[in-house]
Amino acid sequence: MKKLFFALTTLAVLALMGWGYYQAIYVAPTEATMGDVQRIFYYHVPNAMLSYLFFVINFVASLLFLLWRREDPGRAQAADAWALAGAEVGVVFCTVVLITGPLWGRPVWGIWWTWDARLTTTLVLWLIYVSYLLTRRFAAGAQMQTLAAVLSVFGFFDIPFNYLANRLWRTQHPAPVFGGGPDSGIKDPHMLAAFGWNVLAWAMWGLLVLGVRVYVERRQQGIDGAAAQAALAGD
Amino acid sequence: MESAQNSSNWTGLVLSHLRKDLQIEWRSREAINSMLFFALLVVVLFSMAFDPTADTSREIAGGVLCVATLFASVSSLNQAWAREIRHQVLDALRMTPSDGAALFLAKVLANFLFVSIVQFVLGPIFFVFYNLHPLGNVWLLLLVVPFGTWALVANGTFFAALSIRSRNRELLLPLILFPIFLPALLAMVLSVKTILTGDNSDPSLLWIKLLAGYDIIFTTVSLILFDIVLEAE
């Protein structure tokens, strides 16, 4: 039953991503000045928005872990699994952003990379969460979970700066498409639809991977816990 | 009345931790000597690697100074806590009913003093090696350098305490500290560059203000979270 549900969900998500691809590449009209290269936008922006979602999941789960680690260790373990999965999926989304950005920048700006506020804070965001994942590898046990949760609180401080970077400063990175002022927003309905489908498809894909990661991590915690119990019992 | 007494207790606690750290450093001079020599080597290495002219010197000197300080202090920040791990001093400190934040603040103050001494000695050598003729308002350096050093030392002390609990303690500190310190490094390098080249690109001192804001935010969060790191098991 569980396997059937998983298989059906995966199929549905893949179909949705295929539909999103179709919308972005074939249905949405070609942009007037940039041409076809603008279609990267349908991947770059949804991934950037969703990377925030997963880093927020990591942050909230880390706070809950710190809150529960003494009173309610069982729930704290669940929160830790969510924090780990959130950071992992967030890093994947952020990587997609950092790869698609230069691919678009090269033809449109003529350069792969520039050190403006938006690009720099995005790279810092990626570096911080990679260091978070490294910390989790380098330390062990409950101590590692606490230290990682503390690091997550620090890492989260970059997100408001990243969000505000092209709102506060005049950056080479384009001005915000949504929530940037009276002139922002997508005017063409086909473009908006392609964008919306891709946000939905990538969100479903990310949440599916997140769910699988949480499930696997919970199983791993169960195995580790049983092994620790067995060692204590002297078997 | 009670809160006044508590706060004076807290200050006393910070001062006694600080006195201990300064006394140890005064007797051994481990941190300052190793940092000084290390930073000197970095300055010499960069000077040879790039062989800069007077103009490029002004452009890159801020960056070299910051990176030299960064590398030098990372090498000694680990030692500040490793010393407490020997003979289980850290465990003893954890068992005392005192506040972890006081211990943290004292360590930051001590390390800040050590790194500042290193910069003070290194500064003139730096000006000689790089043939610097600053064109801007040099007195602002007295504001920028301490702010940047504080950002480095406060975060560095915090993350050294965090990484000392892991298996590869020496390796982990730079991996965590560098990404988090990046915004402060950027602000420090850009403001030093503006001062040295005198190009007036930052008339409202935005970068210095950002650096000050960074110091306030990160020091506050570190003070709040330090107890959790100290008691992590």
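With which side chain does the side chain of A:S152 make a polar contact? In this predicted model, the partner is the side chain of A:N58, at 2.8 Å.

**Surroundings of A:S152**

A:S152 belongs to helix α5 of chain A, which covers residues 141-156. Its relative accessible area is 1%, and because the limit for a buried residue is under 20%, A:S152 is classed as buried. Leaving aside residues up to four places away in sequence, A:S152 touches A:N58, A:F59, A:S62, A:Y129 and A:Y132. A:N58 therefore appears both in this list of neighbours and as the polar partner of the A:S152 side chain, within the limit of 3.5 Å that defines a polar contact.

**Fold of chain A**

Chain A contains seven helices and zero strands, and its pattern along the sequence reads α-α-α-α-α-α-α. The C-alpha trace of chain A extends over about 70 × 45 × 30 Å along its principal axes. Chain A has 235 residues, of which 44% count as buried. Among the contacts in chain A with a separation of 6 or more, 76% join residues 24 or more positions apart.

**Interface of chain B and chain A**

The size of an interface is often expressed as the accessible area lost when the parts come together. For chain B and chain A, this buried area is about 2300 Å², with 79% of it on carbon and sulfur atoms. On the side of chain B that touches chain A, at least two residues come from each of α6 (141-163), α7 (169-197) and α8 (206-230) of chain B. The largest share of that side, nine residues, is supplied by α8(B). By residue class, the same side of chain B comprises 19 nonpolar, four polar and four charged residues.

In total, 27 residues of chain B and 22 residues of chain A take part in the contact. What is the count of salt bridges between chain B and chain A? The count is zero. The search for residue pairs in polar contact across this interface, with both residues at pLDDT 80 or more, likewise gives zero.

**Positive phi angles in chain B**

Two loop residues of chain B, B:R29 and B:H87, are set out below with their backbone angle and accessibility.

| Residue | Phi | Loop of chain B | Relative accessibility |
|---|---|---|---|
| B:R29 | near 55° | between α1 (2-28) and α2 (30-50) | 40%, partly exposed |
| B:H87 | about 60° | between α3 (54-85) and α4 (89-95) | 72%, exposed |

Phi is positive at B:R29, a residue other than glycine, and B:H87 also has a positive phi although it is not a glycine. Because a residue is exposed over 50% and buried under 20%, B:H87 at 72% counts as exposed, whereas B:R29 at 40% counts as partly exposed.

**Cysteines and disulfides**

How many disulfides does a search of the whole structure find over all chains? The search finds zero disulfides. Such a bond would be a covalent link between the sulfur atoms of two cysteines. Two cysteines can be described by their accessibility: A:C94, at 1% relative accessibility, is buried, and B:C66, at 3%, is also buried. Both values fall under 20%, so each of these cysteines meets the criterion for burial.

Notes:
Residues are numbered from 1 along each chain as its sequence is written. Chains are lettered from A and ligands numbered from 1 in the order in which they are written. Side-chain values use heavy atoms; hydrogens and water are left out. Contact means heavy atoms within 4.5 Å. Buried area is the accessible area (1.4 Å probe) that two parts lose on being put together, summed over both. A salt bridge is a side-chain nitrogen of Lys or Arg within 4 Å of a carboxyl oxygen of Asp or Glu. A polar contact is a pair of N or O atoms within 3.5 Å; within protein, one must be able to donate a hydrogen and the other to accept it, and residues adjacent in sequence count only if both atoms are side-chain atoms. Helices (H or I, at least four residues) and strands (E, at least two) are DSSP runs, numbered from the N terminus. Ala, Val, Leu, Ile, Met, Phe, Trp, Tyr, Cys and Pro count as nonpolar, Asp, Glu, Lys and Arg as charged, and the others, Gly among them, as polar. Buried means under 20% relative accessible area, exposed over 50%, partly exposed in between (1.4 Å probe, protein chains only). A disulfide is a pair of cysteine sulfur atoms within 2.5 Å.
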